[in-house]
Amino acid sequence: MLNKKKAIQVLTVTAAVTGVAAVAQPINVDAASSAKNSVTKAEKLAAQLKKDINYDARKKANPKTAVGLPNEKLYKQTKTAYNKALAEAKKVNNSKERKVLETRLAQKVKPFIDRTDKYRAAVQMGIKLNTASKVLNERVQANNLNETTKKQYDLVSSDLKKLDKQIKSVYGKTTRPALTKAYSDKASTIVSTAKFALNFKSDTDNLVKSVKNEDYAKAVTYITSLKKLISDNKKYNYVSTSSKLYKKLYAAYSPSLAKLNALGKIYIATSKSAANPTISGGKTPTQALTYTKDVTVIAGENRYIKLRNANIKGNLNIMGINKGAGTVTLENVKVSSLKNKGGQIIVKDVAEKSLHLTNITANDLIVNDANGSNIVAGAGAKIANLLVSDKAGGNVNLQSSNGNAFGIINLKSKNSKAINFAGKFDKSNVVVSGNEQKLNFAAGTVINELTLKAGANITAAEGVKIAKLNIDPAKKGEIITLSGDLKDTVVTIKDANAIIKIAENTVVGEIKVDPSVKGEVSIENKGTINKIDESIEIIGNPVTPGVPAEPTPPGGGGGGVGGGDQTPPETLPAELLKVTANVGGEVEMKDNVIDLTGKNDDQMFTEIKITTKNATKFILNNVNVRGENVDSYVKKLQLDVKKDVITIPISKLLGNYDVGNNGISMANLRAIALDKPVILEGFLSNGSVSDESKSNTKITIKLGIGSNLPTVYDNKYVTIVKKGVIEGQHTVSVKIKDETVTLGDVDSISGGTYSIITLIKSYTGLTLDTEMTLGELKTLITKFKFDEYNIIFE
């Protein structure tokens with residue numbers, strides 16, 4: 001073997017002999033040695049870099065910069081050394097040695113450069129986030145909750161998500177929490193505060209606008225949202241309630257809240273079904289709810305609501321929304337005063353399809369509806385005073401099947417098209433004080449007394465019985481025209497101011513002048529007057545006595561054949577024989593349980609069939625879903641028994657859960673009920689007055705657990721998919737295709753699936769307005785956390 005000195009001599013000799021200078025090439029031993037030195041250097045630098053991105057080491061070395069950027073010089077030196085060492089290692093000819101060197105770099109150098117890259121990126125984003133969140137916080141705390149602040153909020157929220165993702169990729173059990181605490185937590189608190197403030201401001205602005213427009217249905221939606229925000233703030237402390245910011249936010253909100261609070265307890269109609277109205281109030285008369293403040297019932301156009309079993313110590317307001325009014329039913333409601341205030345039912349807006357009154361007592365019923373109204377009094381209604389105010393307009397229809405429904409009826413309207421009476425007003429004294437009133441009385445209407453204190457046009461159909469009609473105008477020259485069938489009416493003139501006209505084809509029973517009247521009284525007569533005081537001047541047709549009507553035989557009409565006492569037939573008790581559910585075939589009830597646990601998710605539940613004996617009706621009192629009574633959905637349905645069988649469609653059992661004409665799939669039913677049993681309670685009736693408990697019926701429907709098949713609501717505007725239970729929560733995915741479309745429009749094309757309003761309420765508990773857009777729905781839902789459901793918008 002040649003030593004170094006001899007090798008040089010050989011090279012020199014070779015050059016001299018050949019005439020070519022031989023270039024000395026580094027032998028492999030030197031190349032490997034250089035590569036080893038470079039790898040070792042890179043390893044040493046990487047070891048230092050490892051400590052520089054470790055929170056514990058940084059904190060020990062310099063606590064003030066424990067979560068700061070790493071040493072930039074060291075970082076660059078390590079990267080340079082790594083690149084040099086890797087290049088040199090690749091030139092080593094010995095594959096075994098080369099592999100060893102490359103492995104050392106891959107294990108002891110490259111990982112720490114990569115970790116540093118991730119650490120640096122997270123810290124840089126954290127520093128950027130701190131700066132941006134500081135600007136956001138300053139704007140929010142100054143209550144500058146405008147579009148600029150919203151954009152800053154969006155920026156910080158986006159960067160916060162990026163930072164959280166970056167921190168998750170950082171190496172080190174103590175380093176990640178330290179970065180989160182230093183950068184993410186502070187920004188997250190500011191973002192939460194900003195989100196609360198911006199949402200509060202947005203909802204307050206919408207609330208103020210809704211109250212100004214008297215769109216109380218929408219206002220209640222925003223109040224619900226704001227109250228949820230306030231509740232969440234108490235729980236999560238987004239903004240201190242003693243801070244200037246909170247006080248400013250609340251100050252903007254409180255005036256509108258006060259206006260809504262003046263309306264008291266508010267109930268809003270959501271049902272579009274006259275047969276299944278929205279139900280509010282107590283469940284039964286014995287469970288009547290007592291309110292010591294005003295109550296307001298709001299029914300929008302084509303909406304139906306029933307308030308029942310209520311004792312209101314205040315006023316009851318009946319309202320529509322700015323786009324129209326719906327139908328309101330009051331059943332077993334008492335409205336009385338409290339501390340000399342209240343006791344009035346005030347109708348501001350109700351559809352011409354009616355305000356129905358059954359078993360109602362109140363001091364006053366005031367009609368202010370400018371668009372026309374229809375008041376229908378049924379059994380048990382008793383109102384001391386009915387006032388059709390000067391604010392009322394359109395056609396005002398007053399119907400009564402109960403002669404005791406109204407005491408004094410005061411008609412002050414000046415703008416109504418007509419006031420139309422139909423039915424029994426046997427105990428009512430009607431006073432007309434509004435000018436130029438047009439009063440129409442339908443066939444068979446009975447009025448105790450009618451007093452005209454202003455000009456009026458009276459039209460009575462055949463068979464009308466107005467016992468007393470007093471003409472007592474307050475102003476001279478008032479024109480009073482009488483038309484139609486008034487043959488059973490005694491007209492008393494109590495003031496000579498009026499110009500009285502009897503129209504053609506009119507019959508008046510009697511006209512007389514009160515002894516207190518001074519001055520001459522004249523009547524323009526084109527009809528027939530059966531009897532009149534001699535002091536009255538007749539212009540036109542002379543008085544012609546009419547033919548008296550034949551008296552009605554004692555006992556009224558009818559009487560039947562045979563007469564005498566008759567023994568009624570014996571009434572046998574009603575019996576329940578069989579109950580089946582139709583789910584792809586009949587499933588019979590056993591021991592009061594219908595077991596559907598074996599039914600597939602895609603099978604359709606269409607109906608319940610009850611077979612009876614001696615029953616005429618089945619009264620469905622209550623439906624229990626999710627362990628809660630929801631009899632408001634069934635409205636105490638009364639179903640007729642036909643040939644000993646009652647068939648109940650599933651749509652009636654689930655009320656305002658729209659299930660379609662063909663029933664509901666077991667998957668969807670299990671989703672609605674959260675896999676819990678559905679319980680029906682009712683009783684059979686045979687038409688007799690008997691103890692309900694003897695024929696009480698309780699049916700438990702066991703549904704079983706649904707599979708992972710998703711529950712889907714899908715149309716051209718939105719897709720909602722219930723994906724099943726994920727991490728302990730029912731997870732729902734929502735994809736909105738057009739944020740400008742209202743919930744009402746979505747439901748109009750639902751094609752028999754759920755109502756989206758009902759579906760979202762089942763997930764969230766929130767009451768929504770049909771005029772809310774899908775975009776507004778998304779904004780509303782993303783504000784809250786829900787216990788049972790996690791709703792994700794795609």
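Two rings of Phe, Tyr or Trp, the last taken by its six-membered ring, form an aromatic pair if their centres lie within 6.5 Å. By that criterion, this predicted model holds eleven aromatic pairs. The protein chain has 794 residues, of which 46% count as buried, and its secondary structure comes to 15 helices and 40 strands. The points below treat the chain as a whole, then the aromatic rings, selected helices, and individual residues in strands and loops.

**The chain as a whole**

- The exposed area of the protein chain is about 40,700 Å², and carbon and sulfur atoms supply 50% of that area.
- When contacts between residues at least 6 apart in sequence are considered, 50% join residues at least 24 apart.

**Aromatic rings**

- The structure holds eleven aromatic pairs; one of them is formed by Tyr236 and Tyr238, which are stacked with 5.7 Å centre to centre and 25° between the planes.
- Tyr236 is partly exposed, at 32% relative accessibility, and Tyr238 is partly exposed as well, at 22%.
- Phe406 and Phe425 also count as stacked, because their ring planes meet at 15°, with the centres 6.2 Å apart, and planes under 30 degrees apart fall in that class.
- This second pair links distant parts of the chain: Phe406 belongs to strand β14 (residues 406-411) and Phe425 to strand β15 (residues 415-432), 19 residues apart.
- Both Phe406 and Phe425 are buried.
- One aromatic cluster is made up of Phe196, Phe200, Tyr236, Tyr238, Tyr246, Tyr250 and Tyr253.

**Helix α10**

- Helix α10 covers residues 244-261, and its end C-alpha atoms are 25 Å apart; this agrees with the 26 Å that its 18 residues should span at 1.5 Å a residue.
- The helix has a kink of about 35° at Ser254, shortly before the proline Pro255.
- Buried positions in α10 are Leu245, Tyr246, Leu249, Tyr253, Ser256, Leu257 and Leu260.
- An α-helix has 3.6 residues a turn, so residues three or four places apart point the same way.
- The packing partners of the buried α10 residues are α6, α8 (175-212), α9 (216-236) and β1 (265-268).

**Helix α5**

- Helix α5 (residues 95-108) contains 14 residues and reaches 20 Å from its first C-alpha to its last, close to the 20 Å expected at 1.5 Å a residue.
- The N-terminal end of α5 is capped by Asn94, a side-chain oxygen of which lies 2.9 Å from the backbone nitrogen of Lys96.

**Helix α6: Ala122 and Ser133**

- Ala122 lies in helix α6 and is buried, with a relative accessible area of 1%.
- Apart from residues up to four places away in sequence, Ala122 touches Leu163, Gln166, Ile167, Val170 and Leu179.
- Between Ala122 and Thr180 the C-alpha separation is 9.7 Å, although the two are 58 residues apart in sequence.
- Ser133 is likewise placed in helix α6, which runs over residues 110-141.
- Ser133 counts as buried because its relative accessibility is 1%, against a cut-off of under 20%.
- Beyond its neighbours within four places in sequence, Ser133 is in contact with Val156, Ala187 and Ile190.
- The C-alpha atoms of Ser133 and Ser188 are separated by 8.9 Å, with their positions 55 residues apart along the chain.

**Strand and loop residues**

- Most residues other than glycine have a negative phi.
- Asn359 has a positive phi of about 55° although it is not a glycine.
- This asparagine, Asn359, is in strand β10 (residues 355-367) and counts as partly exposed at 40% relative accessibility.
- Asn505, also not a glycine, has a positive phi of about 60°.
- Asn505 is found in the loop between β21 and β22 and is exposed, at 72% relative accessibility.
- Thr506 is found in the loop between β21 (499-502) and β22 (507-513), and a relative accessible area of 1% makes Thr506 buried.
- Not counting neighbours within four places in sequence, Thr506 is in contact with Leu482, Ser483, Gly484, Gly527 and Thr528.

Conventions
Residues numbered from 1 in each chain as written. Predicted model: local features only at pLDDT ≥ 70, side-chain atom pairs only at ≥ 80, totals over all residues. Heavy atoms only, no water. Helix = DSSP H or I, 4+ residues; strand = E, 2+ residues; numbered from the N terminus. Buried < 20%, exposed > 50% of the residue type's maximum accessible area, 1.4 Å probe, protein only. Contact = heavy atoms within 4.5 Å. Areas by Shrake-Rupley, 256 points an atom, 1.4 Å probe, with all protein chains shown as cover. Expected span 1.5 Å × (residues − 1). Bend = angle between axes of the 7 residues up to and from the residue. Polar contact = N/O pair within 3.5 Å; in protein donor to acceptor, adjacent residues only side chain to side chain. Phe/Tyr/Trp six-rings, centres within 6.5 Å; stacked < 30°, edge-to-face > 60°.
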